[in-house]
Amino acid sequence: MTFAPGLPALDGSHPDRLARPRRVLLFLAILLSGGNILIPREVLALLVLFMAIGYFGFANWTVNKRKVLAYGWLALVMVLALARLQDADLRANLIRFTNFLIAFALLQIYWAGGAKLKGDLVVLIRPMVYQAILTVALALVLPPLFIPITIGEADLYTFLGILNFHSIREGSVRLVRPNGFFVEPGVFQIYLNILMFLLLASRVRLRRILPVILAIVLTQSTTGLIIAAMQLLYFSTAPLFARKFGMKGVLRIAVIAVLAIPVGFFLESNIEAKLFGEQSASANARQYDLISGLLVIQANPLIGIGFNHDAYLSSSFSLNPDTDLLAAENKEGRNNTNGILIALYSVGLPLGLIYLLAMFRQALIPHRTLFAVILLLSLGTEPLSFTPLFAFFAFSGLCLGRRHPKQQAAPALESMAPRY
């Protein structure tokens, strides 16, 4: 089955003809990797696989010897899942393996297209900047526009399903925290920070980065602010060590350094509120997740406990029954939100460490050490480690040899981005 008969595989040829379906597929994978609040995951997953097969021939996927480590890692995970079949949650296993399959589809599509991936991410994430800013502005001046709905246990306010935020306390005049298309601001900040990273790495004009910084600040995510401050610090100091900058570079560094100051002050007040103020419940929950996750890893270091949430709840509560600081609804335990620990206690330390450290080897995005740090810091507070986009970068890092053959240079992000 194919929607475009005779269309060649994605190898750098005919980029315009494949750009639209490629970006739609990547956007759906981003929604899958962020816990979309309105569209069921099963629907998104089927759409991604349908497009991967129809447009990019994923059904004709052949074994590539350079991906042998990624195949081997997934095979071992599957063997461990089958070995504990009696205790396994079949639905959870199916979800995880579907995510891994989608990650391999992304790897096939962008196998020789690092430049395409960067360009596609910029095109897709840039509108989310204004989505964040508009959500906060409209919620402040025209709050009746937002309709309250309940999804699971979450109370959500939405305008046309596009501008979304969680409910805030009655009488509060604080700025709302935009969710974007995702379950919470802490996930939204990941993609905003990825955009900021790509723009900084491509040396676009600073006035194009300012709205991104504002959007990250508006999420009020402590992790997001830390990552943004870290990026500003890195990209303002890296040229000093490279000694490849003139007067324009000096001015750019000075501006970035100045921008880091208000971000730092906002970060300080945000951390203080979450550690000692009215938002301290969040810090207590994160602390409980950290301790519980480490205890579960200690009890199951080699092969982990699998992907069964009930197995984790039972194990964590028996190992760490001290829930005094948690909210009432979590007194009998809670699912872990630390994606790093989830990777380690699900598949065990050997396979978990290989998976996480592989993100440092991906060659699709430049400054790969910093990019991997951004991914891992984000995983430290969000349970997204085995979602398609994160698995895509991990599997890319598990590829052997020279992953990306020579190709025509893609247009710079500066020229791709609309001028404003």
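**Exercise 1.** Determine which residues S378 contacts beyond its neighbours within four places in sequence, and establish whether S378 is buried or exposed.

*Solution.* Step 1: with contact taken as heavy atoms within 4.5 Å, and neighbours within four places in sequence left aside, S378 touches Q189, I190, T223 and I227. The model is a predicted one, in which local features need pLDDT of at least 70 and side-chain atom pairs count only at pLDDT 80 or more, while totals for chains, interfaces and linings use all residues. Residues are numbered from 1 along each chain as its sequence is written, and side-chain values use heavy atoms, without hydrogens or water.

Step 2: S378 belongs to helix α14 (residues 368-379); helices are DSSP runs of H or I, at least four residues, numbered from the N terminus.

Step 3: S378 is buried because its relative accessibility is 1%, the class being under 20% relative accessible area, with exposed over 50% and partly exposed in between (1.4 Å probe, protein chains only).

Step 4: the S378 side chain lies 2.9 Å from the backbone oxygen of I374.

**Exercise 2.** Identify the buried residues of helix α11 (residues 309-319) and state where they lie around the axis.

*Solution.* Step 1: Y312, S315 and S316 are the buried residues of α11. Step 2: they lie on the same side of α11 because they cover an arc of only 95° around the axis, taken from the directions from the helix axis to the C-beta atoms. Step 3: exposed D310 and S318 occupy the face turned away from the buried side.

Methods. Helices (H or I, at least four residues) and strands (E, at least two) are DSSP runs, numbered from the N terminus. A polar contact is a pair of N or O atoms within 3.5 Å; within protein, one must be able to donate a hydrogen and the other to accept it, and residues adjacent in sequence count only if both atoms are side-chain atoms.
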